[in-house]
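User: Please take a close look at a single part of this structure and explain how it relates to what surrounds it. Plain language is fine, as I am in my first year.

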Amino acid sequence: MPAAEIRPFVLTQVGLRAKANVINAAVRQRRTGGSYRCTACKGRCEVTITYTTRGTVKHSRGQCSTRGCIAWEE
Ligand SMILES: [Zn+2]
């Protein structure tokens, strides 16, 4: 049996969906930051977003308040 793969929770299917939801919620409101509901743990996720001049996401950084839940910067 192969060794268990250890990867950040944000890269799991549930984590990826929660991250996308947080980003989409902020983008819909054209916010550059805020606290949004995390669908993975039902907690809150702090997000910071910068936009390109065309209005698309240039950079995003997020951190769920729940330890071990989603966190990313890209
Ligand atoms: Zn979370």
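Analyst: A residue counts as buried if 20 or more other C-beta atoms lie within 10 Å of its own, and as exposed if 12 or fewer do. Gly55 has 9 other C-beta atoms within 10 Å, so Gly55 is exposed. This residue sits in the loop between β2 and β3, the latter being residues 57–64. Its C-alpha atom is 22 Å from that of Cys45, and the two residues are 10 apart along the chain. The model is a predicted one.

The part chosen for the close look is the helix, α1. The chain has one helix and four strands, and read along the sequence they come in the pattern α-β-β-β-β. Of its 74 residues, 19% count as buried.

Start with the length of the helix. α1 has 16 residues, and at 1.5 Å a residue they should span 22 Å; the end C-alpha atoms are 22 Å apart, so the expected span and the model agree. After the helix comes Arg30, which has a positive phi near 55 degrees.

Next, its two sides. The buried residues of α1 are Gly15, Ala18, Lys19, Val22 and Ala26. Viewed down the helix axis, the buried residues fall within an arc of 100 degrees, which means that they line one face of α1. On the face turned away from that buried side are the exposed residues Gln13, Ala20, Asn24 and Arg28.

What lies over the buried side? The cover of the buried residues of α1 includes β1, β2, β3 and β4. The helix lies across these four strands and runs at about 55 degrees to β2.

Now the sheet itself. Its four strands form an open sheet in the order β1-β2-β3-β4, with antiparallel pairing. β1 and β4 (71–73) are at the edges and have a single partner strand each, so one side of each has no neighbour in the sheet. From one strand to the next the twist averages 25 degrees. Strands of a sheet pair through backbone hydrogen bonds, either parallel or antiparallel.

β1, residues 33–37, is joined to β2 by five bridges. Gly33 is opposite Thr48 of β2, and Arg37 has Arg44 of β2 as its bridge partner. The hairpin of these two strands has six residues between them, and there Lys42 has a positive phi near 65 degrees.

Helix and strands also share the largest nonpolar core. This core has 11 residues: Ala18, Val22, Ala26, Tyr36, Cys38, Ala40, Cys45, Val47, Cys64, Cys69 and Ile70. Both α1 (13–28) and β2 (44–51) supply at least two residues of the core, and α1 gives the most, with three.

Val47 shows how this looks for one core residue. Leaving out residues up to four places away in sequence, Val47 touches Val22, Ile23, Ala26, Gly33, Gly34, Tyr36, Ser60 and Gly62. Val22 and Ala26, both in that list of contacts, are among the buried residues of α1.

To put the helix back in the whole chain: the C-alpha trace spans about 50 × 25 × 15 Å along its principal axes. Among the contacts with a separation of 6 or more, 33% are between residues 24 or more positions apart. In short, α1 has its buried residues along one face, and it lies across β1, β2, β3 and β4.

Note on methods. Residues are numbered from 1 along each chain as its sequence is written. This is a predicted model: local features need pLDDT of at least 70, side-chain atom pairs count only at pLDDT 80 or more; totals for chains, interfaces and linings use all residues. A nonpolar core is a set of buried Ala, Val, Leu, Ile, Met, Phe, Trp, Tyr and Cys residues joined through C-beta atoms within 7 Å. Two residues are in contact if their C-beta atoms, placed from the backbone, lie within 7 Å. Two strands pair if DSSP finds at least two bridges between them. Axes are lines fitted to C-alpha atoms, for helices over the stretch in contact, and angles run from 0 to 180 degrees between N-to-C directions. The expected span of a helix is 1.5 Å times one less than its number of residues. The arc is that of the directions from the helix axis to the C-beta atoms.
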